[in-house]
Amino acid sequence: MIDAPLLQEAWRISKERGLSLDPPDEKEAHEKEPLSVHAKRCEDVALLLLDRYHLSYDQLVKALSELHDIGKLDPNWEIGKKNRVMHAERSLEILLDLENDEGFLDALNLDKELIPLLNYFVARHHSSLDIGGIE
């Protein structure tokens with residue numbers, strides 16, 4: 001198991017809540033790369049950048065890195081599959097389902113006011129970010 005505890009906890013709680021999601025250590029996010037590995041690689045790069053530029057949003061970056069592709073765990077998403085689930089939208093649906101779960105919020109360990117920002121970044125991570133007309 002790769003060290004992506006937020007992803008693992010989100011997956012576990014989602015399964016308990018009845019969502020059908022594939023295991024993050026088995027489901028490929030990219031060719032020959034399980035989602036858990038992809039999440040950890042994103043986190044490592046993001047934290048390196050935060051450190052290099054002396055920024056302090058570590059927990060938000062960890063959450064975004066680990067959870068941005070959780071929608072790819074949907075059984076209807078597969079690499080190369082036509083008409084597959086739109087994973088960014090599915091990721092947001094899963095996070096919105098979890099956002100009132102105390103166990104998930106404890107694992108997330110993120111200031112509540114940052115949760116809408118996390119959700120926005122997850123939903124838009126393959127598109128331009130609209131910040132009041134400035135792109």
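Begin with the salt bridges: a search of the whole of this structure, which is a predicted model, finds 11 of them, and the first stops of the tour visit several.

Select glutamate 33 together with arginine 41, and display the side chains. These two residues form a salt bridge in which the closest N and O atoms are 3.1 Å apart. Is glutamate 33 buried or exposed? With a relative accessible area of 10%, glutamate 33 is buried, since the limit for that class is under 20%.

Next, keep the view on helix 2, which runs over residues 35-52, and select lysine 40 and glutamate 43. Their side chains meet in a salt bridge, with 4.0 Å from N to O. Both residues lie in helix 2, where they are three residues apart, about one turn of the helix. The two partners can also be coloured by accessibility: glutamate 43 has a relative accessibility of 6% and therefore counts as buried, whereas lysine 40, at 22%, counts as partly exposed.

A pair with this spacing can be found in helix 4, so labelled for residues 87-98. Select arginine 90 and glutamate 93, which lie three residues apart in that helix, about one turn, and which form a salt bridge with the closest N and O atoms 3.1 Å apart. Here arginine 90 counts as buried at 14% relative accessibility, while glutamate 93, with a relative accessible area of 46%, is partly exposed.

To finish with the charged residues, select Glu9, Arg12 and Glu16, and show their side chains at once, for these three are linked in a network of salt bridges.

Now turn to the packing of helices, and select helix 1 (residues 5-16) and helix 3 (residues 58-67) as ribbons. How are helix 1 and helix 3 placed with respect to one another, and at what angle do they pack? The two helices pack at an angle of about 55°, and their axes are 8 Å apart. Because of that angle, helix 1 is oblique to helix 3. If the view is rotated so that one helix lies in front of the other, the crossing of helix 1 past helix 3 is right-handed.

While helix 3 is selected, pick out aspartate 58, which is found in this helix. Aspartate 58 has a relative accessible area of 37% and is therefore partly exposed. A distance drawn from its C-alpha atom to that of valine 37 comes to 19 Å, the two residues being 21 residues apart along the chain.

Return to helix 2 with a surface display, and select Val45, Leu49, Tyr53 and Leu55. These four residues form a nonpolar patch on the surface, and together they have about 410 Å² of accessible area. Within the patch, leucine 49 can be taken as a single example: its place is in helix 2, and at 40% relative accessibility it counts as partly exposed.

The next stops concern backbone geometry in loops. Select lysine 32, which lies in the loop between strand 1 (28-30) and strand 2 (33-34). Although lysine 32 is not a glycine, it has a positive phi of about 60°. The side chain can be viewed against the surface as well, where lysine 32, at 72% relative accessibility, counts as exposed.

Then move along the chain to asparagine 109, in the loop between helix 5 (102-108) and helix 6 (115-123). Which sign does phi take at asparagine 109, given that it is not a glycine? The phi of asparagine 109 is positive, at about 50°. Asparagine 109 counts as exposed, with a relative accessibility of 54%.

For the last stop, select proline 116, whose place is in helix 6. At 52% relative accessibility, proline 116 counts as exposed, because that class begins over 50%. Drawing a line from the C-alpha atom of proline 116 to that of leucine 96 gives a separation of 9.5 Å, for two residues that are 20 residues apart along the chain.

Definitions and conventions
Residues numbered from 1 in each chain as written. Predicted model: local features only at pLDDT ≥ 70, side-chain atom pairs only at ≥ 80, totals over all residues. Heavy atoms only, no water. Patch = residues over 30% accessible without salt bridge, like charges linked within 9 Å, V, L, I, M, F, W, Y side chains within 5 Å. Areas by Shrake-Rupley, 256 points an atom, 1.4 Å probe, with all protein chains shown as cover. Helix = DSSP H or I, 4+ residues; strand = E, 2+ residues; numbered from the N terminus. Buried < 20%, exposed > 50% of the residue type's maximum accessible area, 1.4 Å probe, protein only. Axes fitted to C-alpha atoms, helices over the stretch in contact; angles between N-to-C directions. Parallel < 35°, antiparallel > 145°, perpendicular 65-115°, else oblique. Left-handed = near helix turned anticlockwise from the far one by under 90°.
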